[in-house]
Amino acid sequence: MTAPVVLIAEQLSPATVAALGPDFEVVQADGTDREALRAALANADAVLVRSATQLDAEAIGWAPKLKVIARAGVGLDNVDIKAATQAGVMVVNAPTSNIISAAELTVAHILGLARHLPRAHGSLAAGEWKRSSFTGIELYEKTVGIVGLGRIGALVAERLRGFGVELIAFDPYVTAVRAQQLGVELVSLEELVSRADFLTIHMPRTPETLGMIGADQLAAMKPTAYVVNVARGGLIDEAALAAALADGQIAGAALDVFMQEPPADASLTGLPNVNVTPHLGASTEEAQEKAGIAVAKSVRLALAGDLVPDAVNLAGAGIDEYVRPGLPLTEKLGQVFAGLANGPIASLDIEVHGELSEHRVEALRLAALKGLFARIVSEPVSYVNAPLLAEQRNLEVRFSVDSISESYRNVITLRGALTDGTQISVSGTLTGPKQIEKIVEVNGYDVELPIPEHLIVFSYTDRPGIVAAYGSLLGEAGVNIAGLQIARDEKKGTALSVLSIDAPIADELVEQLRDAIGAEQISVIDIAEL
């Protein structure tokens with residue numbers, strides 16, 4: 001039997017090759033040379049890359065035997081995940097390989113700002129001796145505000161605690177118990193920006209978090225404050241930041257990531273009070289080695305036909321064919337559940353009902369957690385780290401399976417409680433020969449609506465004119481309603497509307513909708529392909 005061919009398309013550590021083991025034929029090629037890549041992919045069963053090799057739809061089409069693409073790192077901008085999935089090719093990465101490196105770079109940037117290290121170095125290197133120009137500040141007894149208390153944010157908190165700082169954090173999904181364990185005070189975003197001497201952000205980049213530190217937040221900060229972003233470009237509004245720095249609203253900033261990389265101009269990189277690095281969060285020898293070893297192990301599992309925990313798409317082996325279509329549905333239900341939650345989640349029940357009970361469905365539990373945390377934490381979420389994220393956040397997770405499903409062949413329900421006692425739930429199913437993904441229940445109300453890319457859910461007192469009110473506002477804003485379901489508990493009781501819309505909507509429009517219909521609760525959810 002011919003050994004599977006593993007193509008290494010970029011320079012990887014010897015430990016990566018060693019982790020593959022002796023069972024494969026390992027070949028190497030320059031992935032940046034398209035002709036060399038094309039020739040090498042023709043016989044490849046797996047390919048390992050970093051960030052330079054572009055595995056787009058064309059390249060995937062050159063590889064008829066390809067079963068797995070492994071990115072030795074976190075980001076997947078150079079891999080066409082959709083094309084890979086359509087071709088039945090698994091994509092894996094190393095989602096936790098860089099968390100220590102990213103946390104340490106954050107601390108380095110905070111220290112660099114406090115002591116003006118880059119400017120002082122540049123001055124001395126130029127032959128100057130201007131000690132008085134670079135008087136810094138101590139971190140001791142300063143207030144550090146952490147926006148996003150996930151794994152990296154928590155590591156930053158642990159490392160800064162030794163400097164004797166006061167730690168405050170904003171994270172709507174973290175419980176007070178978890179924050180207390182980390183020695184962090186939970187506060188609102190408004191309070192955090194007003195109190196922080198240093199603000200560091202560690203959130204995922206989603207439509208809701210894009211530009212979440214904008215002109216209003218920067219204006220509310222102390223003129224002596226600094227901001228740091230080692231997470232994702234765009235979490236801090238770059239134009240607003242440049243203006244705040246130029247006007248002296250804040251003292252300075254440190255940036256490792258940008259909305260466009262490399263940056264299109266020097267509006268930020270050219271400012272004297274900005275320290276910049278070229279996306280070095282994962283650029284340590286240790287992180288690179290961890291990433292290589294992790295994906296090598298994933299390649300071994302994939303080519304052996306086993307379940308691969310770090311798979312980011314659904315082309316992996318080891319999952320029952322009857323269960324497989326339920327994975328993307330369940331991930332999306334996890335995203336909807338997170339969108340419905342307006343505070344920290346205390347417990348989550350994942351329920352599988354119907355014919356699925358006859359199969360191995362443990363992967364659906366992982367898919368639900370993966371979808372849930374994809375909207376909550378800054379680091380990439382996989383099947384392997386999602387349960388760890390739940391454990392770290394003291395989230396009580398229960399999983400149950402039964403054969404009873406009254407209205408559909410199968411129903412998957414996510415049901416849970418927030419720390420304030422609020423109960424939320426969402427259920428979904430697959431219908432028809434095309435296996436269309438549908439939401440069939442929200443917070444106890446029966447609905448049936450294909451899962452859209454953009455979703456609005458609101459509850460209100462049932463009365464005439466509500467549909468006209470929100471329909472008019474959305475129409476005036478140029479937002480088309482693609483689908484609509486209304487449910488109610490009784491006449492003139494509480495009603496629930498679930499809207500599928502064609503485009504995301506601005507925060508201002510959300511508030512207009514809330515006021516126009518007197519919404520008791522409103523959630524705007526943008527579903528991402530994971």
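**Helix α7 and its surroundings**

In this predicted model, select helix α7, residues 151–161. The buried residues of this helix pack against α5 (99–115), β6 (143–147), β7 (166–170), α8 (176–181), β9 (198–201) and α15 (386–392). The helix is mostly covered, with eight of its eleven residues buried. To see them, colour Arg151, Ile152, Gly153, Ala154, Leu155, Val156, Ala157 and Leu160.

Next, show the side chain of arginine 151, which belongs to helix α7. Is arginine 151 buried or exposed? Its relative accessible area is 16%, so arginine 151 counts as buried, the cut-off being under 20%. Leaving aside residues up to four places away in sequence, arginine 151 touches Thr96, Ile99, Glu379, Asn385, Leu388, Leu389 and Gln392.

**Leucine 186 and a network of charges**

Move on to strand β8, residues 185–186, and select leucine 186. This leucine is partly exposed, with a relative accessible area of 32%. Beyond residues up to four places away in sequence, leucine 186 touches Ala169, Asp171, Val174, Thr175, Ala176 and Ala179. For a sense of scale, draw a distance from leucine 186 to aspartate 30: the two C-alpha atoms are separated by 49 Å, and the residues are 156 apart along the chain.

Now display Glu166, Glu185, Glu191 and Arg195, which are linked in a network of salt bridges.

**Strand β1**

Select strand β1, residues 5–8, and examine its two faces. In a regular strand the side chains alternate between the two faces of the sheet. Here, Val5 and Leu7 lie on one side and Val6 and Ile8 on the other, and all are buried, so that both faces are covered.

Add strand β2, residues 25–28, to the selection; β1 and β2 run parallel and are joined by four bridges. Within β2, glutamine 28 is the bridge partner of isoleucine 8.

**Strand β13 between two partners**

The next stop is strand β13, residues 345–354. Nine of its ten residues are buried, so the strand is largely enclosed by the rest of the structure. Which strands pair with β13? One is β15 (residues 410–418), which runs antiparallel to β13 and is joined to it by nine bridges. Another is β14 (residues 396–402), which is parallel to β13 and joined to it by seven bridges.

To inspect individual pairs, select isoleucine 345 together with leucine 418, its bridge partner in β15. Then select valine 352, which stands opposite valine 401 in β14.

**Salt bridges across the chain**

The model contains 21 salt bridges in total. Three of them are worth selecting in turn.

Begin with lysine 370 and glutamate 331, whose closest N and O atoms are 3.4 Å apart. This pair links distant parts of the chain: lysine 370 is in helix α14 (residues 362–374) and glutamate 331 in helix α13, 39 residues apart. Both partners are hidden from the surface by the measure used here, lysine 370 being buried at a relative accessible area of 3% and glutamate 331 being buried at 5%.

Continue to lysine 332 and glutamate 437, whose side chains meet in a salt bridge of 2.7 Å, N to O. This pair again links distant parts of the chain, with lysine 332 in helix α13 and glutamate 437 in strand β17 (residues 436–442), 105 residues apart. Lysine 332 is buried at a relative accessible area of 12%, and glutamate 437 also counts as buried, at 17%.

Finally, select arginine 488 and aspartate 462, where the closest N and O atoms are 2.7 Å apart. Arginine 488 lies in strand β20 (residues 481–488) and aspartate 462 in the loop between β19 (454–461) and α16 (466–476), so the salt bridge ties together parts that are 26 residues apart in sequence. Arginine 488 is partly exposed, at a relative accessible area of 45%, whereas aspartate 462 is buried, at 14%.

**The second largest pocket**

The tour ends at the second largest pocket, which holds about 1,300 Å³ of space. Of the 37 residues that line this pocket, select the closest to its centre: Tyr173, Glu208, Thr209, Asp507 and Val524. The elements that give two or more residues to the lining are α9 (189–195), α13 (326–340), α17 (507–517) and β22 (521–526). Colouring the lining by residue class shows 19 nonpolar, nine polar and nine charged residues.

Technical notes: Residues numbered from 1 in each chain as written. Predicted model: local features only at pLDDT ≥ 70, side-chain atom pairs only at ≥ 80, totals over all residues. Heavy atoms only, no water. 1 Å grid on protein atoms, 1.4 Å probe; cavity = no way out; pocket = protein on both sides within 12 Å on 5 of 7 lines; lining within 4 Å. Points joined across faces, edges and corners; volume = space filled by probe spheres on them. Nonpolar A, V, L, I, M, F, W, Y, C, P; charged D, E, K, R; others polar. Buried < 20%, exposed > 50% of the residue type's maximum accessible area, 1.4 Å probe, protein only. Contact = heavy atoms within 4.5 Å. Salt bridge = Lys/Arg side-chain N within 4 Å of Asp/Glu carboxyl O. Pairing = 2+ DSSP bridges.
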